[in-house]
Amino acid sequence: MTSKIELCGADEVPVGAALKVETEGLILAIFNVDGEFFVMDDCCSDGPGSLSEGYIEGDVVECNFHNGQFNIKTGEVVAPPCMIPQKVYPTSVENGRVFIEV
């Protein structure tokens, strides 16, 4: 059974930006890609980098630690040294609030 977790207001994450949110034992990066929201684990699978603090270009985020890259929409690795995809969460926006399902 899944549960829904409220993360933030949609207006807190401008287009092309990310926001780090810690809630219910999760540390998450929320991305706004052209008005569509995506959420993945914030800690890079390759090291201690924070993806919410990474460089964003389109639907790709570059980790601020080893410069590995991930597709924001799917979590898939785009560029090494990262080898393990990021966990992404089903995301929805309801009444101006961003939610994930876990």
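Visitor: One open sheet has four strands that include strand 5; in what order do they stand?
Guide: This is a predicted model, in which local features need pLDDT of at least 70, side-chain atom pairs count only at pLDDT 80 or more, and totals for chains, interfaces and linings use all residues. Residues are numbered from 1 along each chain as its sequence is written, and side-chain values use heavy atoms, with hydrogens and water left out. Strands are DSSP runs of E with at least two residues, and helices are runs of H or I with at least four, numbered from the N terminus. In this open sheet the pairing is antiparallel and the order is 5-6-7-8.

Visitor: Which strands stand at the edges of this sheet?
Guide: Two strands pair if DSSP finds at least two bridges between them. An edge strand here has a single partner strand, so one side of it is left without a neighbour in the sheet. The strands in this position are strand 5 (55–57) and strand 8.

Visitor: By what angle are neighbouring strands of this sheet turned against each other on average?
Guide: Axes are lines fitted to C-alpha atoms, for helices over the stretch in contact, and angles run from 0 to 180 degrees between N-to-C directions. With direction ignored, the average for neighbouring strands in this sheet is 30°.

Visitor: Which residue is the bridge partner of Gln69?
Guide: Strand 7 (residues 69–71) pairs with strand 8 in the antiparallel sense, over two bridges. In strand 8, the partner of Gln69 is Ala79.

Visitor: Where is the cis peptide bond that involves Pro81?
Guide: Pro81 is in the loop between strand 8 (77–79) and strand 9 (88–89). Most peptide bonds are trans. The cis bond, with omega near 20°, runs from Pro80 to Pro81.

Visitor: Pro85 is in the loop between strand 8 and strand 9; how far is its C-alpha atom from that of Asn71?
Guide: Pro85 is partly exposed, because its relative accessible area is 39% and that class lies between buried (under 20%) and exposed (over 50%), with a 1.4 Å probe and protein chains only. Beyond its neighbours within four places in sequence, Pro85 is in contact (heavy atoms within 4.5 Å) with Ser45, Phe70, Gly75, Glu76 and Val77. Asn71 is 14 residues away along the chain, and the two C-alpha atoms are separated by 8.9 Å.

Visitor: Another open sheet has the order 2-3-4-9; which are its edge strands?
Guide: The four strands of this sheet pair in the antiparallel sense. The edge strands each pair on one side only, and they are strand 2 and strand 9.

Visitor: Which residue of strand 4 is the bridge partner of Val33?
Guide: Strand 3 and strand 4 are joined as an antiparallel pair over six bridges. Opposite Val33, the partner in strand 4 is Glu36.

Visitor: Is Asn32 buried or exposed?
Guide: Asn32 lies in strand 3, and residues up to four places away aside, it touches Val13, Pro14, Val15, Gly16, Ala17 and Phe37. Its side chain makes polar contacts (N or O pairs within 3.5 Å, one able to donate a hydrogen and the other to accept it, with sequence-adjacent residues counted only if both atoms are side-chain atoms). They reach the backbone oxygen of Val13 at 2.8 Å and the backbone nitrogen of Gly35 at 2.8 Å. With a relative accessible area of 5%, Asn32 is buried.

Visitor: Which backbone nitrogen lies 2.7 Å from the side chain of Asp42?
Guide: Asp42 is in the loop between strand 4 and strand 5, and at 2% relative accessibility Asp42 counts as buried. Its contacts beyond four places in sequence include Lys20, Ile27, Leu28 and Gly49. The nitrogen in question belongs to Ser52.

Visitor: What is the phi of Glu24?
Guide: Most residues other than glycine have a negative phi. Glu24 lies in the loop between strand 2 (18–23) and strand 3 (26–33) and counts as exposed, at 62% relative accessibility. Although Glu24 is not a glycine, its phi is positive, about 50°.

Visitor: What is the phi of Asp34?
Guide: Asp34 is in the loop between strand 3 and strand 4 (36–41). At 71% relative accessibility, Asp34 counts as exposed. Asp34 is not a glycine, yet has a positive phi of about 55°.

Visitor: Which residue in the turn between strand 10 and strand 11 has a positive phi?
Guide: Four bridges join strand 10 (residues 91–94) to strand 11 (residues 97–101), and the two run antiparallel. Thr91 stands opposite Ile100 in strand 11. The two strands form a hairpin with two residues between them, and the turn residue with a positive phi, about 50°, is Asn95.
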